[in-house]
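Q: Please take a close look at one part of this predicted model, the packing between two of its helices, and then follow the description into the sheet and the internal cavity.

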Amino acid sequence: SDDTVGLLKEQLALTTERWQAFRQRRRTWRDLLRRRAAIALNPEIAAYAEGVDIQSPILEWSLGQIVAFLMLNPTRIDLYPLAETHAADMEDIRIWLAASILRQNDGRWADNVIAESLTEYGLAVMRQTWQMPKEPVVGEMPDDVQGAAEYASKALTERDAHFRGQEHPFSLKVIDPLTVSFFPLGSNPDLFFEEVEIPYIEARKLKDRNGKALRLSALNTLVFLGDGESADEGTSTGPAVHLVRRDAKDPKTGKRTVTEYVYPGGGSLFEDGEILDEYANPLGHCSYFPIGSGAEMLLETDPDLRYRPRLYPLYVLTSEYNSLMTIMTALARKAASDQNVYVKVSSLTPEAVAYLQGLMLTDASGAQRPAVMVRPDPGTGELAIYPELAEWPYNSLVEFFRDSLAENKEQQKLYLPSRFLTGQNEEEVREGTGSANLSATQHAG
């Protein structure tokens, strides 16, 4: 309906538009970390940097070191009662909660993903999914009291065994922080959106709430087909399908509902979108869990400024370092080429002026063109005869770049992982005692 579309537009305006800077900046940082960043150069020197690809590996190394440090100790699982309760109940709940988390985080894969995402993006997002186990099939209860009592006891025993044999009903999924937006900022937002692109060959596995399979027609429109139904379908390698998932809290009832929308690639959510599914969220909490890093700025309302990654200072310094090194390489190439010299007109003799006039070429109309000094090819035995040439003054540039690089490297040292944590503290160990080294390592952590 128009009201539904209007509400959806209003919600997206409240969330997605505010996250544009967050996404754009982190895509730039992602390219920088993966050593794929593009470096903008002035046209005057860009030609001399062709084929030059200077990308520092310091970010990738630092990411691995920080994640390894964050993985040293497992997460502690505990409960703190908000009201009076029985200690036995608390212990049962704690054991069940710990068992559930350990199952979902088998091998601590979620810990690793969260540590990596916090370090790289400043934000990690996990989604809690659930699958209600099916009830066991039991026979009819007898009419007599004795039989009913035996039936109930047996049914409860079988039901308990049935559910113990089921897979765990909860699981965690990794969410790319660059695909989300939510409001307000925090760990339990009232409104959460995730939008992902799904290759059509995978999107064909999606089904709506009635069990009908999603298909893209040859006209790039969405259709849902039941068993035995067919449509004039496009190719299986057609354009991607966009999936938008919204977890929203009703401001009146406090209940949460998850709605999934789909629309074809190249289309619009509001004009071409369809509701894939809609269901209640039984968790009493947003099914998406945003996790901020230790550098989170709680007073900021701009996601880009609030969720600062641990690597932020190194992103800035590495970008500067790559640019300085690329420009220096381009200028060195230029200095080594024949573009490093020029004719000092003020020092030319009359003979040299006459020689230069002889170099002036004319076109078909008789108009003169600028003089060109041809460089002899190697092995021809030809000798170049030029007027007195002067060299471009590079001394001031050399000093500037040398000082800039030295300052950049000193700044990087301030933000690199501590040598005590990475095991590169040989000098300190050589000069101190084992207990002093242990104390310094613990302090660095």
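A: In this predicted model, helix 2 (residues 20-33) packs against helix 11 (residues 312-335) at an angle of about 65 degrees, the two axes lying 10 Å apart, and the crossing they form is left-handed. On the side of helix 2 the contact is made by W29, L32 and L33, while helix 11 contributes Y312, Y315, T318, S319 and N322; by class, these contact residues comprise five nonpolar and three polar ones, with no charged residue among them.

Turning to the sheet, five strands form an open arrangement in the order 3-4-7-8-9, with antiparallel pairing. Strand 3 (180-183) and strand 9 (274-281) are its edges, each pairing on one side only, and neighbouring strands are turned against each other by 15 degrees on average, with direction ignored. Within this sheet, strand 7 (residues 241-249) and strand 8 (residues 256-264) run antiparallel and are joined by nine bridges, and K249 stands opposite R256 of strand 8.

As for internal space, the count comes to one cavity of 30 Å³ or more, and the largest cavity has a volume of about 50 Å³. Its lining is made up of L12, T16, R23, T179, V180, S181, F193, E194, E195 and V244, which divide into four nonpolar, three polar and three charged residues. Strand 3 and strand 4 (191-198) are the elements that each give two or more residues to this lining, and strand 4 gives the most, with three.

Conventions
Residues numbered from 1 in each chain as written. Predicted model: local features only at pLDDT ≥ 70, side-chain atom pairs only at ≥ 80, totals over all residues. Heavy atoms only, no water. Axes fitted to C-alpha atoms, helices over the stretch in contact; angles between N-to-C directions. Helix = DSSP H or I, 4+ residues; strand = E, 2+ residues; numbered from the N terminus. Left-handed = near helix turned anticlockwise from the far one by under 90°. Contact = heavy atoms within 4.5 Å. Nonpolar A, V, L, I, M, F, W, Y, C, P; charged D, E, K, R; others polar. Pairing = 2+ DSSP bridges. 1 Å grid on protein atoms, 1.4 Å probe; cavity = no way out; pocket = protein on both sides within 12 Å on 5 of 7 lines; lining within 4 Å. Points joined across faces, edges and corners; volume = space filled by probe spheres on them.
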